[in-house]
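Dear colleague,

I am handing over the structure we spoke about, and below it I have set out what I found when going through it. Please read the notes with the coordinates open beside you.

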Amino acid sequence: MSRPFTTEDYRTRLDRAASAAADAGLAGLVVAPGPDLVYLTGYQPTAVTERLTALVLTAGREPALVVPALERPDAERAPGAPAVRLLDWTDGRDPYATAAPLIDPAGRYGISDNAWAMHLLGLQAALPGTGWTSLTETLPMLRAVKDPDELDRLAGAGGAADAAYRGILEVTFAGRRETDVAADLAALLIQYGHSQVDFTVVGSGPNGANPHHEAGDRVIATGDTVVLDFGGLRDGYGSDTTRTVHVGPDVPDEVRKVHEVVRQAQQTAFEAVRPGVACQEIDRIARRVITGAGYGEYFIHRTGHGIGITTHEPPYLVEGEERPLVPGMCFSIEPGVYLPGRFGVRIEDIVTVTENGGRRFNNTPHELGTVS
């Protein structure tokens, strides 16, 4: 297991977030329950309800966490709690009256994308002169650059997902439903240390042409090509990997061809990773390989997404994202080709940017796997 994050770790994150907000021209941040609150304080309410919970950050001022009184004991146990001032409110009282004095009535604040509308409307009613903007729009890279302890957790999650893939190659596919194989994958992720399974895509035959196919009751047959995309959280950080396998030894020539095109696109994109390269350039490089092979119209999604305490977060490797890669950024590289009504192929690794290139957190073979 990785080293637990300490109060000092959270204090550093809080200070950095407040400074980043000031640099972005904001008076501060209001952070609702969700991944940003977990990242900044280690606090995750047992249940997110209609009761207001909000972290208020302003550069030069002590961070304050507003919580319902009945949830204060839980908040006090969070590892980052000593780095914030806790304020509570009781049922029957106006929670926005507790939060409002912490907020500049004429300032502009970034607020979590996942904040409930009722809470934002309540703050607007209490502070009609305050402006609000999406936190992801103004500080999209808040969690993007990982420190060494985060990288260690992501590497562990990637290794556990690799172990799950090696395990799934040993099970029988033919004659079983997609949901059966998906359950095997979920069990393997848990076996290798995941606390949460977020997805187990098992797209067999024509279902593989749907990148986000939900495993269903289709019975997998010998001769099917199967896309396996799975991941979740281990030690608080995400895994996400995709490999494509074929059921039986007789692989059609076009399946081999498409798989090789996707493999080359994934490898070429990985080799282009280095500090200073624009995120969109990695997408362009992968897309160029697939388009050059005649399958461009069948690559229907971005090349990658960031990963951390959630399995999808900035940065995104997509056309229009001009931000440069920075050491410590972590993201997927997952080109694919999807032939409607026939089959799909995708290969995905989680990659981090190093000082002079990239490092994979997934290291299982990229060759087309075969299963029984």
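To begin with the cysteines, the sulfur of Cys279 lies 12 Å from the closest cysteine sulfur, which belongs to Cys330, and that is too far for a bond, since a disulfide is counted when two cysteine sulfur atoms are within 2.5 Å. Cys330, for its part, is in no disulfide, the nearest cysteine sulfur being that of Cys279, and the count of disulfides by this rule comes to zero. Please bear in mind here, as throughout, that this is a predicted model. Both cysteines are nevertheless buried, Cys279 with a relative accessibility of 0% and Cys330 with a relative accessible area of 0%.

Cys330 also appears in the surroundings of His305, a residue of strand E11, which covers residues 304-306. With its neighbours within four places in sequence left aside, His305 is in contact with a set of residues including Asp240, Cys330, Phe331, Glu334 and Glu348. His305 counts as buried because its relative accessibility is 2%, under the 20% limit for that class. Its side chain reaches the backbone oxygen of Thr311 at 3.0 Å.

Pro315 is another of the residues in contact with His305, and the backbone just before Pro315 deserves a look in its own right: the peptide bond from Pro314 to Pro315 is cis, with omega near 5 degrees. Pro315 is found in strand E12, made up of residues 313-317.

A second backbone feature concerns Asp235, which has a positive phi of about 55 degrees although it is not a glycine. Asp235 sits in the loop between strand E8 (225-234) and strand E9 (237-238), and, with a relative accessibility of 17%, Asp235 counts as buried.

Finally, there is a helix pair to consider. Helix H9 (residues 253-271) and helix H10 (residues 279-292) pack with their axes 8 Å apart and at an angle of about 155 degrees, which means that H9 is roughly antiparallel to H10, as angles over 145 degrees are classed in that way. The crossing of these two helices, H9 and H10, is right-handed. As for the residues that meet, H9 contributes Val261, Gln264, Ala265, Thr268 and Ala269, while H10 contributes Ile282, Ile285, Ala286, Val289 and Ile290.

With best regards

Definitions and conventions:
Residues are numbered from 1 along each chain as its sequence is written. This is a predicted model: local features need pLDDT of at least 70, side-chain atom pairs count only at pLDDT 80 or more; totals for chains, interfaces and linings use all residues. Side-chain values use heavy atoms; hydrogens and water are left out. Helices (H or I, at least four residues) and strands (E, at least two) are DSSP runs, numbered from the N terminus. Buried means under 20% relative accessible area, exposed over 50%, partly exposed in between (1.4 Å probe, protein chains only). A polar contact is a pair of N or O atoms within 3.5 Å; within protein, one must be able to donate a hydrogen and the other to accept it, and residues adjacent in sequence count only if both atoms are side-chain atoms. Contact means heavy atoms within 4.5 Å. Axes are lines fitted to C-alpha atoms, for helices over the stretch in contact, and angles run from 0 to 180 degrees between N-to-C directions. Angles under 35 degrees count as roughly parallel, over 145 as roughly antiparallel, 65 to 115 as roughly perpendicular and the rest as oblique. A crossing is left-handed if the near helix is turned anticlockwise from the far one by less than a right angle, and right-handed if clockwise.
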